[in-house]
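Colleague: I would like a close look at a single part of this model, followed by its surroundings. Please keep to what can be computed from the atoms.

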Amino acid sequence: MIDTKTTFILGAGSNMIYGFPSGRKLRYNIIKNFEKELNQFRSFIPSGYMISAKSFVNDFKDSNIQSIDKFLNLRRNYYDIGKIAIAIEILKAEKESKFAEDLEVEERNRDWYFFLYNKMLDEIDNPNDFLKFKDNTISFVTFNYDRSFDYFLYNSFRNSFPSEIFQAQHTVNIFPFEVIHMYGAPKLGWQDINNNLDYCRHYEYDERTVNDIRHMADSMKIIYDERDSDENFVKAQSALMNSDRVFFLGFGYAKENLEILGIPNRIKDKNIYGTVLGCTKNEIIKIRKDLGAGHLNDTDCMMLLRLYL
């Protein structure tokens, strides 16, 4: 059980072991694969999409801008086709994603999803203890477009207890944990029964997948979009204010993302822990300055949680 008020902030480095691309790998995948992938759906999309896709890929490649978000902000004419490219990569990664025993041995040793879920189950030893699970005083904020953590957490919980529990209880009463997606993502079925998109286990070159791609793309925002009235930003800032400690997992500490969260002001006087895997000494000094303080470790997410959670 985690009874210290804690917020976990997830960046692109937090889900790579489960099959999701880093920012640099996302760029590579889009440049190498997007035109060919979109061509597979040519029977279901307007012909103009292929012309737009070719121009988008060529300009993105020649721009040498690492961040797809920054490129789409500078080249707003590619905003819609660019989000479709991102949506395709995310849905493909969701379909191929692996968890727990399906991971390779080295990845299992860094499987922080599994580790955290079992931490949340501490002191829950009997079927009737299921209501205690919601007593974990934690919040989750993600800057990732995928829903892998949402899916893993709820699917694990759903399979940990007898099915009749879920028939007699409203999900929100026993599983109140929301993963706040700062840049949007379609809701999963248990999060919204009316407007949702299942975690992707179907990715074929058919009309159903085209509709799923559009749903994903329409739900997404990029880092530079207008955000003053976005309820997710308000929720995230509130979660930070109400926490006693904050974990940054696989986070890149981009200035724009820190500003969105109101950092450093909203994390003053809190215990801060963060991964800085592969960062130089000077980069770590800058990150610590941007955060205001913090225990920053050149390690992966799993080790950081083992050390401090």
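Leaving aside its neighbours within four places in sequence, which residues is Asn-144 in contact with?

Modeller: The model is a predicted one. Outside the four places on either side in sequence, Asn-144 is in contact with Leu-10, Gly-11, Ala-12, Ser-14, Asn-15 and His-181. Asn-144 itself sits in the loop between strand S2 and helix H7 (148-158). Its relative accessibility is 10%, and a residue under 20% counts as buried, so Asn-144 is buried. One polar contact can be named: the side chain of Asn-144 reaches the backbone oxygen of Gly-11 at 3.1 Å.

Strand S2 (138-142), which comes before that loop, is also one of the elements packed against helix H11. The other partners of the buried residues of H11 are strand S1 (6-10), strand S3 (179-181), strand S4 (245-249) and helix H12 (255-260). H11 spans residues 231-241, and its buried residues are Asn-232, Phe-233, Ala-236, Gln-237, Ala-239 and Leu-240. These cover an arc of only 155° around the axis, and therefore they lie on the same side of H11. The general background is that an α-helix has 3.6 residues a turn, so residues three or four places apart point the same way. On the other side of H11, Glu-231 and Val-234 are exposed. At the start of this helix, a side-chain oxygen of Asp-230 comes to within 2.8 Å of the backbone nitrogen of Asn-232.

S1 and S4 also serve as partners for helix H14, whose buried residues pack against them and against helix H6 (112-120), strand S5 (271-275) and strand S6 (295-297). In H14 (residues 301-308), the buried residues are Cys-301, Met-302, Leu-304 and Leu-305. Their arc around the axis is only 165°, which places them on the same side of H14. The N-terminal end of H14 is capped by Asp-300, with a side-chain oxygen 3.1 Å from the backbone nitrogen of Met-302.

Turning to helix packing elsewhere in the chain, helix H4 (residues 79-96) packs with helix H1 (residues 23-39) at an angle of about 100°, the axes being 10 Å apart. Angles from 65 to 115 degrees count as roughly perpendicular, so H1 is roughly perpendicular to H4. On the H1 side the contact is made by Leu-26, Asn-29, Ile-30, Asn-33, Phe-34, Glu-37 and Leu-38. H4 supplies Ile-81, Ile-84, Ala-85, Ile-86, Ile-88, Glu-89 and Lys-92. By class, this contact has nine nonpolar, two polar and three charged residues.

H4 also packs with H2, here at an angle of about 85° and with the axes 10 Å apart. H2 and H4 are therefore roughly perpendicular to each other. Tyr-49, Ser-52, Ala-53 and Phe-56 of H2 meet Ile-81, Gly-82, Ile-84 and Ala-85 of H4. The residues of this contact divide into six nonpolar, two polar and no charged.

Another asparagine, Asn-64, is found in the loop between helix H2 (48-63) and helix H3 (68-74). Asn-64 has a relative accessible area of 63%, and so it is exposed, whereas Asn-144 is buried. From C-alpha to C-alpha, Asn-64 and Arg-27 are 9.6 Å apart in space, while 37 residues apart in sequence.

Methods
Residues are numbered from 1 along each chain as its sequence is written. This is a predicted model: local features need pLDDT of at least 70, side-chain atom pairs count only at pLDDT 80 or more; totals for chains, interfaces and linings use all residues. Side-chain values use heavy atoms; hydrogens and water are left out. Axes are lines fitted to C-alpha atoms, for helices over the stretch in contact, and angles run from 0 to 180 degrees between N-to-C directions. Helices (H or I, at least four residues) and strands (E, at least two) are DSSP runs, numbered from the N terminus. Angles under 35 degrees count as roughly parallel, over 145 as roughly antiparallel, 65 to 115 as roughly perpendicular and the rest as oblique. Contact means heavy atoms within 4.5 Å. Ala, Val, Leu, Ile, Met, Phe, Trp, Tyr, Cys and Pro count as nonpolar, Asp, Glu, Lys and Arg as charged, and the others, Gly among them, as polar. Buried means under 20% relative accessible area, exposed over 50%, partly exposed in between (1.4 Å probe, protein chains only). The arc is that of the directions from the helix axis to the C-beta atoms. A polar contact is a pair of N or O atoms within 3.5 Å; within protein, one must be able to donate a hydrogen and the other to accept it, and residues adjacent in sequence count only if both atoms are side-chain atoms.
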